[in-house]
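Here are my notes on the model you asked me to look over. They are numbered so that you can reply point by point.

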Amino acid sequence: MQRNRSNIRPRYEILDGLRGVAAVMVIWFHFFEGFAKSPVDQVVNHGYLAVDFFFVLSGFVIGYAYDGRWQSGLTARRFMLRRVIRLEPMLVLAVALGAVSYAVQGCVKWDGTQVPVWMLVVSLVLGMLMIPAYPGVWTDVRGYGEMFPLNGPSWSLFFEYIGSVLYAVFLHRLPTRMLGFVVAAAGAGLAATAFADLSGSYSIGLGWSLGGWGALGGFLRLAFSFSAGLLISRVLKPRRVRGAFWIAACVIVAVMVCPYIGGCEPSVLNAVYDSVCTLVVFPAVVALGACGVTTDRASGSICEFLGRISYPVYIIHYPVMYLFYNWVWNNGKTFEEVWLVCCCLFVVIIAMAWAAMRFYDEPVRRWLGKRLK
């Protein structure tokens with residue numbers, strides 16, 4: 001039986017576009033990371049906050065799309081199946097590309113230690129299954145302490161899956177008032193990680209590693225931002241705002257390119273900045289994006305394109321970065337010497353993301369949807 005199109009809830013195309021803006025900024029954050037000596041002198045300094053924006057956006061979109069379906073027969077199993085179909089195909093491709101990148105580099109850790117091929121194969125399988133590595137164990141094949149050494153950004157997908165499970169089992173059942181309490185408690189905990197300097201730079205940039213306070217920091221980032229997005233989806237009463245996409249996009253870019261707050265040494269002022277951006281600015285940006293509509297064909301096309309490539313851009317760009325870092329560090333390059341290479345690689349990454357989306361991700365998800373749903 002065909003589904004009545006009148007029953008399909010409209011998409012928030014501006015939010016799709018904003019997801020793409022944040023994903024593009026992550027590329028440049030990682031480019032400049034190759035030349036930074038410390039978190040203080042990193043250009044596009046607060047690009048790591050894109051993950052928190054993604055979590056708010058994810059909570060909002062999931063709440064908007066699924067909150068009303070539980071009483072009409074949606075089950076946790078069906079919901080999680082939908083999430084796996086949405087996330088897993090690109091994740092598998094990204095980890096495979098990471099393995100190829102690592103093999104091209106010679107299968108060596110950052111310190112030059114040779115890694116046998118069988119360890120690479122095991123790390124590949126574990127990465128596809130979302131099983132993280134602990135720093136220092138043999139599955140940490142790069143030796144950098146990443147949860148997913150073949151594709152670093154996979155850590156946020158790990159927590160995204162946790163958020164989906166929590167929503168399916170627990171969060172969707174919470175009354176709005178109780179959900180507000182969860183948001184407040186998680187927000188207090190998240191701010192505490194910044195002010196307690198658990199990251200070593202008075203930031204909330206934790207979660208990519210299981211070492212130290214990484215797991216706690218990553219979970220608190222998810223817990224606040226995902227729950228905040230879910231709460232916004234329940235209480236927001238959209239009002240038409242003209243130019244919402246461009247205003248929100250400028251805010252996202254400004255937040256991420258802002259230099260380190262506090263000078264040349266780690267400063268508690270940066271903790272203030274991170275906390276305000278995460279607890280206040282990003283939820284407000286999502287609410288603003290939900291209140292806007294595109295009023296011309298150009299804006300609509302930009303939002304559609306950015307939305308479609310946002311996830312592929314984010315999840316597959318890092319294998320390219322591994323090769324880029326290897327080249328830069330082995331040859332002592334400066335950004336002034338390689339800025340044109342960065343621009344070319346940026347175009348290559350966008351093209352790779354579009355091709356992966358168009359010829360792999362969308363066809364595979366359609367096939368899986370027919371087979372599994």
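1. A residue counts as buried under 20% relative accessible area, as exposed over 50%, and as partly exposed in between. V122 has a relative accessible area of 28%, so it is partly exposed. V122 sits in helix α4. Its C-alpha lies 10.0 Å from that of W138, and the two residues are 16 apart in sequence. Please keep in mind throughout that this is a predicted model.

2. Next comes S123. Is S123 buried or exposed? With a relative accessible area of 6%, S123 is buried. Its place is in helix α4, which covers residues 117–128. Beyond its neighbours within four places in sequence, S123 contacts T139, V141, P149 and L150.

3. The cavities bring S123 up again. How many cavities of 30 Å³ or more does the structure hold? There are two. The largest cavity contains about 40 Å³ of space. S123 is in its lining, together with L126, G127, I131, P132, A133, T139, M147, F148 and P149. By class, that lining has seven nonpolar residues, three polar and no charged.

4. The second largest cavity has a volume of about 30 Å³. Its lining consists of V95, S123, G127, F148, P149, L150 and N151. Four of these residues are nonpolar, three are polar and none is charged. S123 thus needs a look in both places: S123 lines the largest cavity, and S123 also lines the second largest cavity. P149 and L150, two of the contacts of S123, are in the lining of the second largest cavity as well.

5. On to the pockets. The second largest pocket has a volume of about 1000 Å³. Which residues lie nearest its centre? They are F29, E33, Y144, G205 and W208, out of 38 lining residues. Helices α1 (13–33), α7 (214–235) and α11 (318–331) each supply at least two residues of this lining. The lining has 20 nonpolar, 14 polar and four charged residues.

6. Helix α1 also packs against helix α9, residues 268–291. The two axes come within 7 Å and cross at roughly 135°. Angles over 145 degrees would count as roughly antiparallel, and 65 to 115 as roughly perpendicular. The pair α1 and α9 is therefore oblique. On the α1 side, I14, L15 and L18 make the contact; on the α9 side, V285, V286, G289 and A290 do. The contact has six nonpolar residues, one polar and no charged.

7. One more residue in α1 deserves a look. D16 is found in this helix. D16 has a relative accessible area of 12%, so it is buried. Leaving out residues up to four places away in sequence, D16 touches R11, C303, L306 and G307.

8. Compare the pairing of helix α3 (residues 76–104) with helix α5 (residues 154–169). Their axes come within 10 Å and cross at roughly 175°. Angles over 145 degrees count as roughly antiparallel. Helices α3 and α5 are therefore roughly antiparallel to each other. From α3, the contact uses A76, F79, M80, R83, V84, L87, E88, L91 and V95. From α5, it uses S154, L157, E160, Y161, S164, V165, Y167 and A168. The classes are twelve nonpolar, two polar and three charged. V95 appears in this contact, and V95 also lines the second largest cavity.

9. Please check the backbone at V44. Phi of V44 is near 50°, a positive value in a residue other than glycine. V44 is in the loop between α1 and α2 (50–66). With a relative accessible area of 8%, V44 is buried.

10. Please check Y202 too. Y202 is not a glycine, yet its phi is positive, at about 50°. Where is Y202 found? Y202 is in the loop between α6 (176–195) and α7. Y202 has a relative accessible area of 21%, so it counts as partly exposed.

Note on methods: Residues are numbered from 1 along each chain as its sequence is written. This is a predicted model: local features need pLDDT of at least 70, side-chain atom pairs count only at pLDDT 80 or more; totals for chains, interfaces and linings use all residues. Side-chain values use heavy atoms; hydrogens and water are left out. Helices (H or I, at least four residues) and strands (E, at least two) are DSSP runs, numbered from the N terminus. Buried means under 20% relative accessible area, exposed over 50%, partly exposed in between (1.4 Å probe, protein chains only). Contact means heavy atoms within 4.5 Å. On a 1 Å grid over the protein atoms alone, a cavity is a set of points where a 1.4 Å probe fits but cannot get out, and a pocket is an open set with protein on both sides within 12 Å along at least five of seven lines; lining residues have an atom within 4 Å of a point. Grid points are joined across faces, edges and corners, and a volume is the space filled by probe spheres set on the points. Ala, Val, Leu, Ile, Met, Phe, Trp, Tyr, Cys and Pro count as nonpolar, Asp, Glu, Lys and Arg as charged, and the others, Gly among them, as polar. Axes are lines fitted to C-alpha atoms, for helices over the stretch in contact, and angles run from 0 to 180 degrees between N-to-C directions. Angles under 35 degrees count as roughly parallel, over 145 as roughly antiparallel, 65 to 115 as roughly perpendicular and the rest as oblique.
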